[in-house]
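Biologist: Please take a close look at the aromatic pairs of this structure, and then at the pairing of its strands.

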Amino acid sequence: MNHQRGITRVAVLLAVVLSIVGPAVTGCGPFARVAVKAVARGAPAAAPFFVEALGIAADRAIGDGLNRGGGVQKGDQPGLYGGTRNGKSCDKTKLVGFLKNPANRNKALEWAKTQGIDVDEIGGFVRKLTPVLLRNDTLVKNHDYKKGKAVAFDALLEAGIAVLVDLYGKPVVQCSCGNPLGAFEHDVDKADVEFKGTNKKWTSYDQDKVVKVEPTDVGNEVEAYRLVDVQEPDAGLERPAGSDGAQDTSLPEDPGGAGAKDDGDDTGGYVEVPDVTSSSVEEASRILEDQGLAVETTPEPSEAVEPGTVLGQSPAAGEEVPASSTVTLMVATAPVTTDPQATDPQVTDPQVTPAPGELATPTPTDVTAPGDTPPVPDPPPSDGLVGSTS
C-alpha cells in the first residue's frame, strides 16, 4: 500500500513539473517567438559600459523623420538613417578616451571582444565609425556590462537613438551608454518585444515598421551615408563614412524617397521571406501578408498531403526581397480521377447538355448501340426558343 502511494505521489509531482515545463517546450517550433527587450530613447541603461553623464551622445525625438519602411533593410540604403546638419550625435573621441583609460581596462577588453577586435585596435576601429540616428525601431544584439563581463541580450532600440555604424552600415555602438551592438540573429517576425520599467511602450511603436539591418558585402563598403535631415525631413545630408558630421553636404531632397514618408507607402526596404511550406494556404497567406508581401497561389495535384496544404513557395524561404513583392504558393489539390465510362468505347452517353436558355429534350434511352450515331438535336431558332425534335 505504501509503495502504491509513493507511485501516486511521483505521478502527481511529474504532472506538476510537466505543466510548468510544457509551455516552454511547445515554444520550440518553427513559429517560436524570441524575447526582445525594448530600449526606449532617453531611458537609463540598467548596466551600461559607461555612465550617460559623460555626455557622449545626443539622442533626438525625430517625429516626422520616422522611416515608414520595415523588415530587412540594407545598411547602405539611402534614407535608412538620419542626422542633423553639422551636429555631433556621438562623440567618438570621448568614447575612445574612456576605453583607453587604464581604470577601464577590463571594460575595454570586454568591449573589444564583442567587436571581434584586439583591445589595442579600439582607436582605429572607432575612427572608421559614423554617427547616425535610427529612423526605425531597430533590432540588434545589445550588451550590458555585468560583474565584469559583457552580457548579450536581444533588444529593440527606439527610433531617434544615436548609434555608430561601421563601413557596412551595421550599428555597432549605442552611443548613450557605450554598449557594443551586434546583429540580431533571428527573423524580424520572431521578435516578441517586452516593454518594462522605464522602457515603456513609445507612441510611435509599430511592429510592421521594425527594422533589422543587413550589412553590405565585404568589398562593397559604404563611402558616404545619405541621411535624412531629421530637422527638415524633406531634405537630406551626405555624410562621408568615418566623419563626425562636420563634413556634411546638403542634399536637395529626402534621400529615402517615397518609402521614407508618412504617405502610407510601405514599399521601402527588404523583407526576408518566411518559410510557410507545410502550412495551410490560409495560415501561409496570413504570415506573408503580415510581412507586407503579396500572395498568389497555383494548384498542384497531390496524394501525399491534405488539399489546401502549401507544397512549395517562390521565392524560397530565407530570400530577401523588396517589400510588397509577390510570393507564389504551390497549393495541394485533390488528384484528378478518371471516369472509366469516359474512355469505354462500348458505352456512349448521347445526351447533349443544353445551352443556356434551352430546354433539355428527353431521350428515349441512355445507351446507344455500338456503331449507331446518336441523334443530333436541331439548332435553336433565332428567337432563342428551343425547337421541337423530329
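Modeller: The aromatic pairs are described below, followed by the strands.

This is a predicted model, in which local features need pLDDT of at least 70 and side-chain atom pairs count only at pLDDT 80 or more, while totals for chains, interfaces and linings use all residues. Residues are numbered from 1 along each chain as its sequence is written, and side-chain values use heavy atoms, with hydrogens and water left out.

A search of the whole structure finds seven aromatic pairs. Rings of Phe, Tyr and Trp (its six-membered ring) pair if their centres lie within 6.5 Å; planes under 30 degrees apart count as stacked, over 60 as edge-to-face and the rest as tilted. The ring centres of Trp 111 and Phe 125 are 6.1 Å apart and the planes stand at 80 degrees, so this pair is edge-to-face. Because Trp 111 belongs to helix H3 (residues 105-115) and Phe 125 to helix H4 (residues 122-127), the pair ties together parts that are 14 residues apart in sequence. Helices (H or I, at least four residues) and strands (E, at least two) are DSSP runs, numbered from the N terminus. Trp 111 has a relative accessible area of 0% and is therefore buried, a term that means under 20% (1.4 Å probe, protein chains only). Elsewhere, ring pairs link Phe 195, Trp 202 and Tyr 205 into a cluster.

As for the strands, two of them pair if DSSP finds at least two bridges between them. Strand S12 (residues 224-229) and strand S13 (residues 236-240) run antiparallel, joined by five bridges, and a hairpin of six residues connects S12 to S13. Val 228 has Gly 236 in S13 as its bridge partner. Gly 236 in turn has the bridge partner Leu 251 in S14. Three bridges join S13 to strand S14 (residues 249-251), and these also run antiparallel.

Key: Buried < 20%, exposed > 50% of the residue type's maximum accessible area, 1.4 Å probe, protein only.
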